[in-house]
Amino acid sequence: MAAHTDAPSLDWAKGWTCVTFTRDLTAEEVLTRYGADLSRSRLLDAEQASELPTGNFARAVSLLRSGRLGDWAFCIEEDGVIGSWPNR
């Protein structure tokens with residue numbers, strides 16, 4: 001951890017969180033590989049996403065957030081383990 005890193009900002013790393021990085025796929029393709037229903041997805045900023053229920057209070061298996069930076073797509077999965085499965 002960097003000397004000036006705000007430790008509470010790393011709280012996401014303490015829970016059941018899986019982060020995957022995939023090259024040459026779109027964010028939508030990554031969500032599809034997780035088995036997400038794209039018709040139910042919506043664009044949210046970090047604050048809006050943090051207000052969604054997760055864990056035992058969620059209606060879904062997990063909360064997925066996906067995006068792309070250059071050639072790399074990422075998916076942050078909260079309260080789930082699908083990203084750790086082979087071929088995701």
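## Getting oriented

Helices and strands here are runs assigned by DSSP, numbered from the N terminus. With that in hand, D24 is easy to place: this residue sits in the loop that joins β1 (17-23) to α1 (27-33). Keep in mind that you're looking at a predicted model.

## Around D24

Is D24 buried or exposed? Its relative accessibility is 55%, so D24 counts as exposed, because the bar for that label is over 50%.

Being exposed doesn't leave D24 without company. Skip the neighbours within four places in sequence, and D24 is still in contact with E29, R68 and D71. There's also W72: 48 residues separate D24 and W72 along the chain, yet their C-alpha atoms are 6.2 Å apart.

## One salt bridge

How many salt bridges does a search of the whole structure find? The count is 1. D71 forms a salt bridge with R23, and the closest N and O atoms of the two are 3.6 Å apart. This pair ties together distant parts of the chain, 48 residues apart: D71 is in the loop between β2 (63-69) and β3 (72-78), while R23 belongs to strand β1.

As for how open the two partners are, D71 has a relative accessibility of 37%, so D71 counts as partly exposed. R23 has a relative accessible area of 49%, which means R23 is partly exposed too.

## The two faces of β1

Now follow the strand that R23 belongs to. Side chains along β1 take turns: C18, T20 and T22 point to one face and are buried, whereas T17, V19, F21 and R23 point to the other face and are not buried.

β1 also has a partner strand. β1 pairs with β3 in the antiparallel sense, over 7 bridges. Within that pairing, C18 stands opposite E77 in β3.

## Two cysteines, no bond

C18 brings us to the cysteines. A disulfide is a covalent bond between the sulfur atoms of two cysteines. How many disulfides does the structure hold? The number is 0.

Why is C18 not bonded to C75? The closest cysteine sulfur to that of C18 is in C75, 8.1 Å away, which is too far for a bond, because a disulfide needs the sulfur atoms within 2.5 Å. It works the other way round as well: for C75, the closest cysteine sulfur is the one in C18.

Both cysteines are tucked away from the surface by the cut-off of under 20%. C18 has a relative accessibility of 15%, so C18 counts as buried, and C75 is buried with a relative accessible area of 0%.

Definitions and conventions:
Residues numbered from 1 in each chain as written. Predicted model: local features only at pLDDT ≥ 70, side-chain atom pairs only at ≥ 80, totals over all residues. Heavy atoms only, no water. Helix = DSSP H or I, 4+ residues; strand = E, 2+ residues; numbered from the N terminus. Buried < 20%, exposed > 50% of the residue type's maximum accessible area, 1.4 Å probe, protein only. Contact = heavy atoms within 4.5 Å. Salt bridge = Lys/Arg side-chain N within 4 Å of Asp/Glu carboxyl O. Pairing = 2+ DSSP bridges.
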